[in-house]
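Here are my notes on the model you sent round. Please read them with the structure open.

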Amino acid sequence: MVSPLEITCVDFFKYPASGEIQPTDNPGKKAVAATTIKKLALDIDKLQKMRRVAIDAALLATEGLTEIEIKLLAEGYEKLDVDGQHTPFCAAISYLLKNYF
């Protein structure tokens with residue numbers, strides 16, 4: 001299993017705009033990612049819906065932004081907030097912003 005505390009945790013997954021979480025295509029990480037998704041129930045409907053809402057809000061925020069501004073927004077989602085916490089579903093949002101813009 002992949003620990004969410006592992007710095008490269010995000011590299012094990014793909015995040016479609018639909019809110020799903022999928023294993024990466026990387027053969028060395030795919031099986032571990034699939035096990036993590038199954039064991040932690042990361043693909044349940046409730047989480048998919050919550051991810052989709054967070055993604056939709058972030059995509060809405062990109063309207064009118066330049067490519068550079070979208071890149072900066074994606075990088076911002078990777079940083080901790082003032083309370084030392086990550087934004088919920090930040091990995092999925094950052095993934096989408098980096099891969100689709």
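The points below cover one helix, the core and the main pocket.

1. This is a predicted model. Please keep that in mind for each point below.

2. Start with helix α3, residues 67-77. Its buried residues are Ile 70, Ala 74 and Tyr 77. Viewed down the axis of α3, these fall within an arc of 60°, so they line one face of the helix. The spacing fits a general rule: an α-helix has 3.6 residues a turn, so residues three or four places apart point the same way.

3. Now turn α3 around. Ile 68, Lys 71 and Leu 72 are exposed on the other side. The cover over the buried residues includes α2 (45-61) and α4 (90-100).

4. Next, the largest nonpolar core. It has 19 residues. Phe 13, Tyr 15, Tyr 77, Ile 93 and Leu 97 touch the most other members. Two or more residues come from each of α1 (27-39), α2, α3 and α4. The largest share, 5 residues, is from α4.

5. Look closely at Tyr 15. Neighbours within four places in sequence aside, Tyr 15 contacts Val 10, Glu 20, Ile 21, Arg 51, Ala 91, Ala 92, Tyr 95 and Leu 96.

6. Last, the largest pocket. Its space is about 810 Å³. There are 29 lining residues, and Cys 9, Val 10, Tyr 15, Cys 90 and Ala 91 are the closest to the centre. Both α2 and α4 give two or more residues to the lining. The most comes from α4, with 7 residues. By type, the lining has 19 nonpolar, 5 polar and 5 charged residues.

Technical notes
Residues are numbered from 1 along each chain as its sequence is written. This is a predicted model: local features need pLDDT of at least 70, side-chain atom pairs count only at pLDDT 80 or more; totals for chains, interfaces and linings use all residues. Side-chain values use heavy atoms; hydrogens and water are left out. Buried means under 20% relative accessible area, exposed over 50%, partly exposed in between (1.4 Å probe, protein chains only). Helices (H or I, at least four residues) and strands (E, at least two) are DSSP runs, numbered from the N terminus. The arc is that of the directions from the helix axis to the C-beta atoms. Contact means heavy atoms within 4.5 Å. A nonpolar core is a set of buried Ala, Val, Leu, Ile, Met, Phe, Trp, Tyr and Cys residues joined through side-chain atoms within 4.5 Å. On a 1 Å grid over the protein atoms alone, a cavity is a set of points where a 1.4 Å probe fits but cannot get out, and a pocket is an open set with protein on both sides within 12 Å along at least five of seven lines; lining residues have an atom within 4 Å of a point. Grid points are joined across faces, edges and corners, and a volume is the space filled by probe spheres set on the points. Ala, Val, Leu, Ile, Met, Phe, Trp, Tyr, Cys and Pro count as nonpolar, Asp, Glu, Lys and Arg as charged, and the others, Gly among them, as polar.
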